Amino acid sequence: MARPAALELVCVTKRYGETIAVDRIDLKIPAGTYCCLLGPSGCGKTSTLRMIAGHEAVSEGDILLGPANVTDLTPARRGTAMMFQSYALFPHLSVLDNVAFALKMRGVDRRTRHAKAMELLRLVAMDGYAGRLPAQLSGGQQQRVALARALITEPQILLLDEPLSALDPFLRVRMRSELKRLQRELGISFIHVTHGQDEAMALADLVVLMKGGKIEQMGTPREVFNRPRTEFVARFIGSHNVIATASGKIAVRADQVRLNHAGSAREGLSVVASVAEIEYQGTSVLVMLKAGDGADLTVQLSEEDFDRSPVEIGTRVLADWEPGAVHVLG
């Protein structure tokens, strides 16, 4: 396998006529990183991947792989390999010949290319299916073959365009662990396009969240989830509640909120209440509580409540915000 290399995009732009799909993005991906390009449909993540692969021309900017500028190189000369969403296996070729096809195009003799193909099929646990046709395989098996075929050229970076989208939910979770295992064993970078937050959280060392052709935020999954920089990131990556206050917007993590309720229907009784649900309602938040004695409590938190530290609502409720529960946006 080739030595891993760092990837850098410098002011990269992609235009389709008057439409700007990718708008002057800068991105550095260290060697050996599992990076997920994440975002809603139309955010520019697939165009970015295709420019890295060489399947789309860069309108402006440069793509650097290791010390080399690969912006104008053909896909075969870049040191990258791409695994397509549809897998794109040749239906008339056996599994073995599908995997060995790229070496055949390079003029490698049959014995050598088949030996290398079998080595990779063993890596993805598909060596027992070498003689089958793609139509005789399940979706998960086809994905493994496509992965082996992409790896046979010994790329420095493997590019994956929504590779799990065609799989059923159970198999998708299983294949996530397989992809992560392979990336760690091979030691090269995987750049994985997805619109699934859970997929990115499970796989990535580096999450790059895109919106409207720009990078909205990048970082480790924990950093992006716990410290969103914008309202879009807070809503997209963590389903945070975004609250407008006099000093600006804040993101509230429902899973981090704890409310201590002093008093209940029975005078003088102090109970501990835990948050069951938080719903954003324009200028206020409705907090549904389950008290320690089983009683249902409802507390209406107004905008002003969030300007106090700690949040204090009259004599009824003291909101004890644990670290990470509230994050100031912007």
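## Packing of helices α4 and α5

In this predicted model, helices α4 and α5 run roughly parallel to each other, because the angle between them is about 20° and angles under 35 degrees count as roughly parallel. Helix α4 covers residues 139-151 and helix α5 covers residues 169-186. Their axes lie 11 Å apart, and α4 passes α5 in a right-handed crossing.

## Residues at the helix contact

On the α4 side, the contact is formed by G140, Q143, R144, L147 and L151. These residues meet L171, R174, M175, E178, L179, L182 and L186 of α5. By class, the residues of the contact of α4 with α5 comprise 7 nonpolar, 2 polar and 3 charged.

## The largest pocket

Helix α4 also takes part in a second feature of the model, as one of the elements that line the largest pocket. The volume of this pocket is about 590 Å³. It is lined by 22 residues, of which T80, A81, M82, A102 and T153 are the closest to its centre.

## Make-up of the pocket lining

Strand β6 (80-83), helix α2 (95-105) and helix α4 each contribute at least two residues to the lining of the largest pocket. The largest share belongs to β6, which supplies 4 residues. Sorted by class, the lining of the largest pocket contains 16 nonpolar, 4 polar and 2 charged residues.

Notes
Residues are numbered from 1 along each chain as its sequence is written. This is a predicted model: local features need pLDDT of at least 70, side-chain atom pairs count only at pLDDT 80 or more; totals for chains, interfaces and linings use all residues. Side-chain values use heavy atoms; hydrogens and water are left out. Axes are lines fitted to C-alpha atoms, for helices over the stretch in contact, and angles run from 0 to 180 degrees between N-to-C directions. Angles under 35 degrees count as roughly parallel, over 145 as roughly antiparallel, 65 to 115 as roughly perpendicular and the rest as oblique. A crossing is left-handed if the near helix is turned anticlockwise from the far one by less than a right angle, and right-handed if clockwise. Contact means heavy atoms within 4.5 Å. Ala, Val, Leu, Ile, Met, Phe, Trp, Tyr, Cys and Pro count as nonpolar, Asp, Glu, Lys and Arg as charged, and the others, Gly among them, as polar. On a 1 Å grid over the protein atoms alone, a cavity is a set of points where a 1.4 Å probe fits but cannot get out, and a pocket is an open set with protein on both sides within 12 Å along at least five of seven lines; lining residues have an atom within 4 Å of a point. Grid points are joined across faces, edges and corners, and a volume is the space filled by probe spheres set on the points.
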